[in-house]
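Good morning, and thank you for coming. Please look at the structure on the screen, and I shall then describe how its helices are arranged.

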Amino acid sequence: MTSVLWIHGHWLWVALATTGLVGAWGLGLAILKRPPGRAFGIAVGVAIVAMLIQVAAGVALYLYGLRPLNGFHVFYGIVIAVTFSLAYVYRAQLARKPALSYGLLLLFVMGLGFRAWSNVG
């Protein structure tokens, strides 16, 4: 279980970096009014998967009884999962302006990740 704890503690930075960079990329594309292209779509998928790996590691730790002292840490993890679920449900609406929509979505999720990190103790 210590390996999952190590992954959860260190993968956070991968998840935050990917969601932040791809989110900023999306906003940049939207501001410049450029089409997102295939590379952006792949990057969005990578960023979402990176954060879902982080959430899955947290769920595994919770199920094994390793729980943070502050309950808000778990709360933010749940909000990230719900956010991605709602994004999936509304994917047709997000596809209308994909660069702006996914850029804002990923930056929002990055912010939730930082909030979860700040509530570890």
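I begin with one residue, L86, which counts as partly exposed because its relative accessibility is 47%. Buried here means under 20% relative accessible area, exposed means over 50%, and partly exposed lies in between, with a 1.4 Å probe and protein chains only. L86 is found in helix α3. Between the C-alpha atoms of L86 and M110, which are 24 residues apart along the chain, the separation is 16 Å.

A word on the basis of these values. This is a predicted model, in which local features need pLDDT of at least 70 and side-chain atom pairs count only at pLDDT 80 or more, while totals for chains, interfaces and linings use all residues. Residues are numbered from 1 along each chain as its sequence is written, and side-chain values use heavy atoms, with hydrogens and water left out. Helices (H or I, at least four residues) are DSSP runs, numbered from the N terminus.

Let us stay with α3 and turn to Y76, whose place is also in that helix. Is Y76 buried or exposed? Y76 is buried, since its relative accessible area is 13%. Not counting residues up to four places away in sequence, Y76 touches L112, R115, A116 and N119, where contact means heavy atoms within 4.5 Å. The C-alpha atoms of Y76 and V89 are 13 residues apart along the chain and are separated by 20 Å.

Next, the packing of helices. Two packed helices are described by the angle between their axes and by the distance between the axes. Axes are lines fitted to C-alpha atoms, for helices over the stretch in contact, and angles run from 0 to 180 degrees between N-to-C directions.

How do the axes of α3 and α5 cross? They come within 8 Å and cross at roughly 165 degrees. That makes α3 roughly antiparallel to α5, a term for angles over 145 degrees. In passing α5, α3 makes a left-handed crossing, which is one where the near helix is turned anticlockwise from the far one by less than a right angle. On the α3 side the contact is made by H73, Y76, V79, I80, T83, F84 and A87, and on the α5 side by L105, L106, F108, V109, L112, G113, R115, A116 and W117. These contact residues of α3 and α5 divide into 12 nonpolar, three polar and one charged. In this scheme Ala, Val, Leu, Ile, Met, Phe, Trp, Tyr, Cys and Pro count as nonpolar, Asp, Glu, Lys and Arg as charged, and the others, Gly among them, as polar.

We come to α5 in its own right. α5 has 21 residues and reaches 30 Å from its first C-alpha to its last, close to the 30 Å expected at 1.5 Å a residue; the expected span is 1.5 Å times one less than the number of residues. Its buried residues are A99, S101, Y102, G103, L105, L106, V109, L112, G113 and A116. Against which helices do the buried residues of α5 pack? They pack against α1, α2, α3 and α4, the last of these being residues 91–94.

The axes of α1 and α5 come within 7 Å and cross at roughly 150 degrees. α1 is therefore roughly antiparallel to α5. This crossing, too, is left-handed. Among the residues of the contact are L12, W13 and L16 of α1 and A99, L100 and G103 of α5. The contact of α1 with α5 involves 17 nonpolar residues, six polar and no charged.

Helix α1 (residues 2–31) also meets helix α2 (residues 37–63): their axes come within 8 Å and cross at roughly 150 degrees. The two are therefore roughly antiparallel to each other, and their crossing is left-handed. Their contact holds 21 nonpolar residues, six polar and no charged.

The loop between α1 and α2 contains K33. Most residues other than glycine have a negative phi. Phi of K33, however, is near 55 degrees, a positive value in a residue other than glycine. K33 counts as exposed because its relative accessibility is 74%.

Finally, α2. This helix has 27 residues and reaches 39 Å from its first C-alpha to its last, close to the 39 Å expected at 1.5 Å a residue. Its buried residues include F40, A43 and V44, and what covers the buried residues of α2 includes α1, α3 and α5. G45 lies in α2 as well, and counts as partly exposed because its relative accessibility is 32%. Just after α2, G65 takes a positive phi of about 90 degrees.

Thank you for your attention.

Note on methods: Parallel < 35°, antiparallel > 145°, perpendicular 65-115°, else oblique.
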